[in-house]
Amino acid sequence: IKPIMITGDHKITASAIAKQIGIMRDGDMAVTGMELDAMNDEELDRVLEKISVYARVSPENKIRIVEAWQRKGNIVSMTGDGVNDAPALKKADIGVAMGITGTEVSKDAASMILQDDNFATIIKAVANGRNVYRNIRNSILFLLSGNMAAIITVLFTSIMALPVPFEPVHLLFINLLTDSLPALAIGMEKPEDGLLSQKPRDPNKGILTKDFGFRHPHPRKTLPRLQLPQQAFDIQPRTSQQPLQRRSVRSGLSAARACALRTRAPFALLR
């Protein structure tokens with residue numbers, strides 16, 4: 001996250017404050033609104049990443065700064081509290097208005113409102129958003145892995161005319177006991193330390209990516225491997241399937257518990 005100061009104050013004043021709080025570093029530039037107007041888009045793109053302070057800017061300048069960063073493929077957040085900030089708040093990917101000192105116009109144009117007007121709250125919001133996305137992804141992965149395992153097992157045994165591994169009531173019992181509650185628990189995982197140190201995800205990629213399904217082996221995917229061999233080599237007649245079904249249910253419950261632990265946050269057991 002790279003913070004940039006955009007202010008109506010004098011260039012010298014803005015640069016001094018930016019250096020004190022760590023926004024402006026050695027080699028960075030400070031640009032006024034008039035100097036920005038003298039640049040075309042190509043010139044601005046060449047020096048954009050070196051500019052840390054914009055002083056004496058107009059509402060049009062703010063919109064142009066947001067568009068320049070968006071052209072480089074960045075997610076841009078804009079903070080503001082006045083009426084003249086509303087166009088840039090609307091143009092940014094995430095507009096952030098001040099809840100205490102902000103005008104109603106800026107609040108209407110923003111995507112998020114800081115109730116305490118504290119800039120540090122944005123960091124907490126970013127961490128919370130990353131945690132929510134990760135928990136949703138883990139919950140989907142947990143549910144998909146379990147349901148696909150059961151579908152593959154039942155489908156294969158039906159095609160091969162093997163004994164039925166589950167009765168409908170068994171599947172309902174497994175889903176009720178090992179799917180619903182663990183999925184809710186996985187969705188409520190708290191963020192761990194280092195969540196903000198991870199690289200941001202590509203906003204153009206969906207949830208069901210190659211990494212999502214193929215590079216994260218789960219114990220529940222072993223459910224068909226555990227049950228299909230015992231189905232194929234079971235010599236009991238079809239009139240006595242209860243022992244086989246008991247083993248299938250136990251395998252399903254054990255795989256579900258292991259999968260719930262494996263799908264949790266990176267700091268969890270078995271990760």
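## Strands β4 and β5

Strand β4 pairs with strand β5, which covers residues 94–98. The two run in the parallel sense, and four bridges join them. This is a predicted model. One bridge links serine 77 to isoleucine 94 of β5. At another point, glycine 80 stands opposite alanine 97 in β5.

How does the chain get from β4 to β5? It makes a β-α-β unit with helix α5, residues 86–91, and this unit is right-handed.

## The whole sheet

Strands β4 and β5 belong to an open sheet of three strands. The order is β4-β5-β6, with parallel pairing. Strands β4 (77–80) and β6 (112–114) stand at the edges. Each has a single partner strand, so one side of each has no neighbour in the sheet. From one strand to the next, the twist averages 25 degrees.

Which residues of β4 lie on its covered face, and which on its uncovered face? Met78 and Gly80 are on the covered face. Ser77 and Thr79 are on the uncovered one. Read β4 in sequence order and the faces take turns. There is a general pattern behind this: side chains in a regular strand alternate between the two faces of the sheet.

## From β5 to β6

How many of the five residues of β5 are buried? Four of them are, so β5 is largely enclosed by the rest of the structure. Buried here means under 20% relative accessible area.

Strand β5 also pairs with β6, again in the parallel sense, over three bridges. Methionine 98 stands opposite leucine 114 in β6. The chain travels from β5 to β6 through helix α6, residues 104–109. This β-α-β crossover is right-handed.

## A salt bridge within helix α6

Helix α6 holds a salt bridge of its own, between lysine 107 and glutamate 104. Their closest N and O atoms are 3.9 Å apart. The two residues sit three apart in the helix, so about one helical turn separates them.

Are these two residues buried or exposed? Lysine 107 is buried, because its relative accessible area is 18%. Glutamate 104 is exposed, because its value is 54%.

## Salt bridges between α3 and α4

The structure holds six salt bridges. Among them is the pair aspartate 41 and arginine 64, whose closest N and O atoms are 3.4 Å apart. Aspartate 41 lies in helix α3 (residues 41–47), and arginine 64 lies in helix α4 (residues 59–71). The pair therefore ties together parts that are 23 residues apart in sequence. Aspartate 41 counts as partly exposed, at 40% relative accessibility. Arginine 64 has 15%, so it counts as buried.

A salt bridge also joins the side chains of aspartate 45 and arginine 71, at 2.8 Å from N to O. What do these two residues tie together? Aspartate 45 lies in helix α3 and arginine 71 in helix α4, so the pair connects parts that are 26 residues apart in sequence. Aspartate 45 is partly exposed, with a relative accessible area of 24%. Arginine 71 counts as partly exposed too, at 42%.

## After β6: Phe119 and helix α7

Phenylalanine 119 is found in the loop between β6 and α7. Its relative accessible area is 54%, so phenylalanine 119 is exposed. Along the chain, phenylalanine 119 and threonine 79 are 40 residues apart. Their C-alpha atoms are separated by 8.8 Å. Threonine 79 is one of the residues on the uncovered face of β4.

Helix α7 covers residues 121–159, and isoleucine 159 has its place there. Is isoleucine 159 buried or exposed? It counts as exposed, because its relative accessibility is 62%. The cut-off for exposed is over 50%.

Which residues join isoleucine 159 in a nonpolar surface patch? They are Met148, Ile151, Ile152, Leu155, Phe156 and Met160. Together with Ile159, they make a patch of about 690 Å².

Terms used: Residues numbered from 1 in each chain as written. Predicted model: local features only at pLDDT ≥ 70, side-chain atom pairs only at ≥ 80, totals over all residues. Heavy atoms only, no water. Patch = residues over 30% accessible without salt bridge, like charges linked within 9 Å, V, L, I, M, F, W, Y side chains within 5 Å. Areas by Shrake-Rupley, 256 points an atom, 1.4 Å probe, with all protein chains shown as cover. Salt bridge = Lys/Arg side-chain N within 4 Å of Asp/Glu carboxyl O. Buried < 20%, exposed > 50% of the residue type's maximum accessible area, 1.4 Å probe, protein only. Pairing = 2+ DSSP bridges. Axes fitted to C-alpha atoms, helices over the stretch in contact; angles between N-to-C directions. Right-handed = clockwise from strand over helix to strand, strands pointing away.
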